[in-house]
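Subject: Structure handover: strands and sheets

Hi,

Here is the structure for you to open alongside this note. Please have the sequence to hand as you read.

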Amino acid sequence: MDAQARLWVQVVDSTYMFHPTVMYQVADARPPTYRWDVFGTDGRRLAIVHLPSNFTPKAWGGRWVYGIAEDEDGALVVGRLPMPEALQ
């Protein structure tokens, strides 16, 4: 849930070769992005957001989405992405 009480839900696509839990651990099995649906406090979907598959959002603040990213060597690092324009 972000600072505006919006709920971010990762959508699991039934066409994925592996369950997302496995794909997080096997970089070559991941699609380039994962889809996230963002819902308002009234339950309406506000936006569909695609985030890089090597990035897991953990906190939201202002214009940024903060999370854990996996770099090219497989190391976990703190990262940030711009808040999608539809949610600013």
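Below is what came out of the strand pairing.

One point before the details: this is a predicted model.

The N-terminal sheet

Strands 1, 2 and 3 form an open sheet in the order 1-2-3. The pairing is antiparallel. Which strands sit at the edges? They are strand 1, residues 7-10, and strand 3, residues 45-52. Each of these pairs on one side only. From one strand to the next, the twist averages 30°.

Look at strand 1 against strand 2, which covers residues 33-39. The two run antiparallel and pair over four bridges. For a landmark, find W8. Opposite W8 stands V38 in strand 2.

The second sheet

Another open sheet of three strands has the order 4-5-6. Its pairing is antiparallel too. Strand 4 (55-61) and strand 6 (76-82) are the edge strands, each pairing on one side only. Here the twist averages 30° from one strand to the next.

How many bridges join strand 4 and strand 5? Six, in the antiparallel sense, with strand 5 spanning residues 64-70. A good spot to check on screen is A59, which stands opposite Y66 in strand 5.

As a reminder for reading the display, strands of a sheet pair through backbone hydrogen bonds. Showing the backbone will help you follow the pairs.

Best wishes

Notes
Residues are numbered from 1 along each chain as its sequence is written. This is a predicted model: local features need pLDDT of at least 70, side-chain atom pairs count only at pLDDT 80 or more; totals for chains, interfaces and linings use all residues. Side-chain values use heavy atoms; hydrogens and water are left out. Two strands pair if DSSP finds at least two bridges between them. Axes are lines fitted to C-alpha atoms, for helices over the stretch in contact, and angles run from 0 to 180 degrees between N-to-C directions.
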